[in-house]
Amino acid sequence: MNTQILQFNSKNTQLCADEILSGGLVAFPTETVYGLGANALNPEAVKKIYDAKGRPSDNPLICHIYDKAQIEQFAFITPTAEKLIDKFMPGPITIVLQKKQIVPSVVTGGLDTVGIRMPNHKCALELIRECGVPLCAPSANTSTKPSPTLAEHVLHDLDGKIKYILDGGRCSVGLESTIVDCVNNTLLRQGGTPKEEIEAVIGKLNRPIVGNVPLCPGMKYKHYSPNANVYLALPGIDMHRRIEQKYDEASGKKIILSLGGNYGDRNTYCIGNSVEEYAYNLFAQFRRLDGEGYDIIICEGVDDYGVGAALMNRIHKASGGKTI
């Protein structure tokens with residue numbers, strides 16, 4: 001199969017919708033990252049996602065919709081969910097609800113709940129509307145690798161495995177959606193919508209109980225990892241000293257990803273001038289450094305607040321828990 005990158009327009013959107021409705025897979029952009037879309041109501045199509053990504057079959061998928069009214073077709077809406085829908089949709093948030101029978105179990109990893117999201121991206125919304133069905137759409141990358149924020153990233157990972165990539169430019173957020181379990185009032189994953197903004201609307205969220213069964217994407221398995229060894233420097237008054245010490249000890253081709261830190265003549269790349277820019281650039285830089293053959297990536301940590309909490313989560317996952 002030859003994978004084609006198609007520029008976003010009405011003709012190409014129709015081509016992609018036809019491919020999805022015939023049981024195929026199409027990658028498309030959202031404001032967070034590129035997703036790998038399949039008809040969520042077609043179990044055989046959904047199974048192709050797991051095969052293309054090399055994704056464990058017990059890792060739940062998120063259903064993407066184009067209209068808030070669609071939600072009650074697929075899930076039972078709670079009062080908490082209503083508040084989040086009204087305030088944050090469309091946007092980088094996923095709500096987890098008790099699923100209705102119409103949702104295949106392959107979508108939910110066998111759980112009786114389903115994650116639902118309405119992306120804030122014209123290309124995504126027009127494609128989903130053209131399909132007329134919800135789309136399962138995990139990140140359009142090889143499982144465990146950095147999420148794609150450009151069409152070219154998708155092509156690198158999935159070339160020959162899918163027919164079309166709908167190119168809508170670079171994703172504006174760069175990190176996946178926040179996931180809120182509205183059945184148990186629990187924050188399952190930090191993401192593009194800060195926890196503090198959510199709690200201002202619905203009150204304090206519980207912490208998830210992490211067990212053997214993943215309750216949402218990114219919860220159980222290693223994720224977001226480049227080929228290089230990643231180290232996360234925990235924030236603190238001695239963070240720069242710890243980074244310099246790790247850099248000097250490490251062997252191989254190495255680099256420091258910095259948010260304005262000065263490390264003398266050590267190889268350093270300023271990844272942004274704000275936490276939001278850091279998050280926006282992170283996955284793209286991981287992919288660039290892989291292409292340039294780096295062995296060691298040392299990432300400055302940030303305060304665990306707002307988007308910084310999601311950023312720290314992604315770097316921690318990418319590092320496999322290696323902190324300094």
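Select helix 1 and helix 6 first: they pack at an angle of about 50°, with their axes 9 Å apart. Since angles of 35 to 65 degrees fall outside the parallel and perpendicular ranges, that angle makes helix 1 oblique to helix 6. As you explore, keep in mind that you are looking at a predicted model.

**Stop 1: where helix 1 meets helix 6**

Turn the view until one helix passes in front of the other. The crossing of helix 1 and helix 6 is right-handed. Now show the side chains where they touch. From helix 1, pick Thr13, Gln14, Cys16, Ala17, Ile20 and Leu21; their partners in helix 6 are Glu126, Leu127, Glu130 and Cys131. Try colouring this contact by residue class: you should find six nonpolar, two polar and two charged residues.

**Stop 2: the buried side of helix 6**

Stay with helix 6, which covers residues 122-131. Which residues of helix 6 are buried? Select Cys123, Ala124, Leu125, Leu127, Ile128 and Cys131 to see them. Leu127 and Cys131 may look familiar, as both also belong to the contact with helix 1.

What covers these buried residues? Helix 1 (10-21) is part of the cover, and so are strand 2 (26-28), strand 4 (62-64), strand 8 (135-136) and strand 9 (164-167). Show these elements one at a time and watch the cover build up around helix 6.

Before leaving, click on Gly132, which follows helix 6 and has a positive phi, near 80°.

**Stop 3: helix 4 against helix 8**

Next, select residues 79-88, which form helix 4, together with helix 8. The axes of this pair come within 10 Å and cross at roughly 125°. That makes helix 4 oblique to helix 8. Helix 4 passes helix 8 in a right-handed crossing.

Which residues of helix 4 and helix 8 meet? On the helix 4 side, show Thr80, Lys83, Leu84, Lys87 and Phe88; on the helix 8 side, show Glu197, Ile198, Val201 and Ile202. By class, this contact has five nonpolar, one polar and three charged residues.

**Stop 4: Thr193 and a cis bond**

Now find Thr193 in the loop between strand 11 (186-189) and helix 8. Is Thr193 buried or exposed? Its relative accessibility is 4%, so Thr193 counts as buried. Leaving out residues up to four places away in sequence, Thr193 touches Phe88, Pro92, Ile93, Thr178 and Ile198. You have already met Phe88 and Ile198 in the contact of helix 4 with helix 8.

From there, go to Pro90, in the loop between helix 4 and strand 6. Zoom in on the peptide bond from Met89 to Pro90: this bond is cis, with omega near 0°.

**Stop 5: an aromatic pair**

The structure holds one aromatic pair. To see the pair, select Tyr224 and Phe283: their rings are stacked, 5.5 Å centre to centre, with 25° between the planes. Tyr224 lies in the loop between helix 8 (195-202) and strand 12 (229-233), while Phe283 lies in helix 10 (residues 275-291), so the pair ties together parts that are 59 residues apart in sequence. Tyr224 counts as buried, at 2% relative accessibility. Phe283 is buried too, with a relative accessible area of 0%.

**Stop 6: Ile102 in its loop**

Move to the loop between strand 6 (93-99) and helix 5 (105-108), where Ile102 lies. At 44% relative accessibility, Ile102 counts as partly exposed. Which residues does Ile102 contact, leaving aside neighbours within four places in sequence? Light up Leu41, Gln73 and Phe74. Try the distance tool on Ile102 and Gln73: they are 29 residues apart in sequence and 8.2 Å apart in space, C-alpha to C-alpha.

**Stop 7: two positive phi values**

Finish with two loop residues. Thr144 is in the loop between strand 8 and helix 7 (151-158). Its phi is near 85°, a positive value in a residue other than glycine. Thr144 counts as partly exposed, at 30% relative accessibility.

Asn185 is in the loop between strand 10 (178-181) and strand 11. Phi of Asn185 is positive as well, near 55°, and this residue is not glycine either. With a relative accessible area of 23%, Asn185 is partly exposed.

How values were computed: Residues numbered from 1 in each chain as written. Predicted model: local features only at pLDDT ≥ 70, side-chain atom pairs only at ≥ 80, totals over all residues. Heavy atoms only, no water. Buried < 20%, exposed > 50% of the residue type's maximum accessible area, 1.4 Å probe, protein only. Helix = DSSP H or I, 4+ residues; strand = E, 2+ residues; numbered from the N terminus. Contact = heavy atoms within 4.5 Å. Axes fitted to C-alpha atoms, helices over the stretch in contact; angles between N-to-C directions. Parallel < 35°, antiparallel > 145°, perpendicular 65-115°, else oblique. Left-handed = near helix turned anticlockwise from the far one by under 90°. Nonpolar A, V, L, I, M, F, W, Y, C, P; charged D, E, K, R; others polar. Phe/Tyr/Trp six-rings, centres within 6.5 Å; stacked < 30°, edge-to-face > 60°.
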